Amino acid sequence: MRKVLVTGGTGYIGSHTTVELQAAGYEVVIVDDLSNSAVDILDNIQKITGKRPVFEQFNLVDAAKTDDFFGRHRDIAATIHFAASKAVGESVEKPLHYYRNNLVSLMNIIDAQLKYGIPNIVFSSSCTVYGQPDRLPVTESTPRKDAESPYGNTKRVNEDILRDSIHAFPDRLRAIALRYFNPIGAHPSALIGETPAGTPQNLVPFITQTAAGLREELKVFGDDYDTPDGSAIRDYINVVDLAKAHVVAINRLLNNKNKTGFEVFNLGTGNGYSVLQLINSFEKVTGLKLNYRIVGRRAGDIEKIWADTSLANNELGWKAEKSVEETLLSAWNWEKHLRGIA
Ligand code: WQD
């Protein structure tokens, strides 16, 4: 059974990807420092798949521990690297933490994989590298722009670290960078999902927590954008669809189907939804009335972005399947599971 390392595997996208990897027949080893997730996620992964991933807790910024780990797991066939700090606002307040945590961890992984002869890496990137695109939809050749935040810049710099390392060691390293648009929703079992620490920064967990009565009201950050209803537009993608794309990327590398040493794919649905449209969809599928108020724009937000998904559709043979409505319902079912709401 081929072994895949999932760094950040107790996190939101990492846990959903672990489930899909196990379902596809891979053995999964998770490395996570549990700084933004809980170890009981492993129990829930096991409840879903019947298999408990091997788990080691340490921070990949520690070069010695990272080297020691890979030295004990030389049979790893590929790494999916999720582990990173990912709060846009926090990154503005703590840039050094973000650069150290997000960049040094990747460099340590690359060092170790070169040393132990493990060539394959799938990297968790983000549409944030595009900034506010001049033209929509966004393709993989849309020029990257200066990031709006240190977090976004770490995604861009990590892509460059991978690209330059592969250029230096073309026979020993190859990678696929997956640029996520806005991941939302939860596993249909409602056993795993998004568990933001403290006050949610992202829209959908804030919606579900407001609906569950944990938050007084949802603030809509701006309705004066150049969009049909004035609120900002994003490409919201179901987290299980996103997880499945990672299995496709792993298969592509392990079956030597990659066309170049460093490939980039947008992972979105190709559809843009505004904040107000998302709220309306949530109210429609749940039958609930959401308490929200329009306030000023949030600093650093872009106005609108959605993906051109044709490269991933045609080259990977992958397409997002789940509708926004079904996805919002999965997010609500997860929130109800978390809060013990019938
Ligand atoms: C979506 C829309 C907000 C909260 C970021 C990162 C991206 C990824 C996902 C990590 C925006 C509006 C939000 C709220 C609101 N991060 N909003 N009220 O900023 O598009 O993307 O998170 O993987 O890399 O850039 O996502 O969910 O924060 O915001 O009105 O309480 O919802 O203004 O228009 P974002 P988001």
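Visitor: Which residues are the closest to the ligand?
Guide: The model is predicted. In this model, 19 residues surround the ligand. A residue is counted here if one of its heavy atoms lies within 4 Å of the ligand. The closest are L203, K219, R234, R298 and D301.

Visitor: Which residue offers a side-chain N or O atom 2.8 Å from an oxygen atom of the ligand?
Guide: L203 places a backbone N or O atom 2.8 Å from an oxygen atom of the ligand. K219 has a polar backbone atom 2.8 Å from a nitrogen atom of the ligand. The contact through a side chain, with an oxygen atom of the ligand, belongs to R298.

Visitor: How much of the area that the ligand exposes when taken alone does the protein bury?
Guide: One of the ligand's contacts is with the side chain of R298, at 2.8 Å. Taken alone, the ligand exposes 690 Å². The share of this area that the protein buries is 90%.

Visitor: Which element gives the most residues to the shell around the ligand?
Guide: Two elements, α7 (203-211) and β8 (218-221), give two or more residues to the shell. The element that gives the most, with four residues, is β8.

Visitor: How many residues of the shell around the ligand are charged?
Guide: The shell draws at least three residues from each of domain 1 (3-184 + 236-267) and domain 2 (203-234 + 271-308 + 321-337). By class, ten residues of the shell are nonpolar and five are polar. The number of charged residues is four.

Visitor: Which strands stand at the edges of the open sheet of seven strands?
Guide: The strands follow the order β3-β2-β1-β4-β5-β6-β11, with parallel pairing. A strand at an edge has a single partner, so one side of that strand is left without a neighbour in the sheet. The strands in this position are β3 (54-56) and β11 (262-267).

Visitor: What is the average twist from one strand of this sheet to the next?
Guide: The sheet is open and its strands pair in parallel. From one strand to the next, the twist averages 20°.

Visitor: Which residue of β4 stands opposite L5?
Guide: Strands β1 (residues 3-7) and β4 (residues 76-81) run parallel and are joined by five bridges. Opposite L5, in β4, stands T79.

Visitor: Where is the cis peptide bond that involves P137?
Guide: Most peptide bonds are trans. P137 is found in the loop between β5 (120-126) and α6 (150-168). With omega about 0°, the cis bond joins P137 to L136.

Visitor: What is the phi of N256?
Guide: Most residues other than glycine have a negative phi. L34, in the loop between β2 (27-31) and α2 (41-49), has a positive phi of about 60° although it is not a glycine. N256, in the loop between α8 (239-254) and β11, also has a positive phi, near 55°.

Conventions: Residues are numbered from 1 along each chain as its sequence is written. This is a predicted model: local features need pLDDT of at least 70, side-chain atom pairs count only at pLDDT 80 or more; totals for chains, interfaces and linings use all residues. Side-chain values use heavy atoms; hydrogens and water are left out. A polar contact is a pair of N or O atoms within 3.5 Å; within protein, one must be able to donate a hydrogen and the other to accept it, and residues adjacent in sequence count only if both atoms are side-chain atoms. Accessible areas come from the Shrake-Rupley method with a 1.4 Å probe; for residues, only the protein chains shown count as cover. Ala, Val, Leu, Ile, Met, Phe, Trp, Tyr, Cys and Pro count as nonpolar, Asp, Glu, Lys and Arg as charged, and the others, Gly among them, as polar. Domain bounds come from an automatic or database domain assignment. Two strands pair if DSSP finds at least two bridges between them. Axes are lines fitted to C-alpha atoms, for helices over the stretch in contact, and angles run from 0 to 180 degrees between N-to-C directions.
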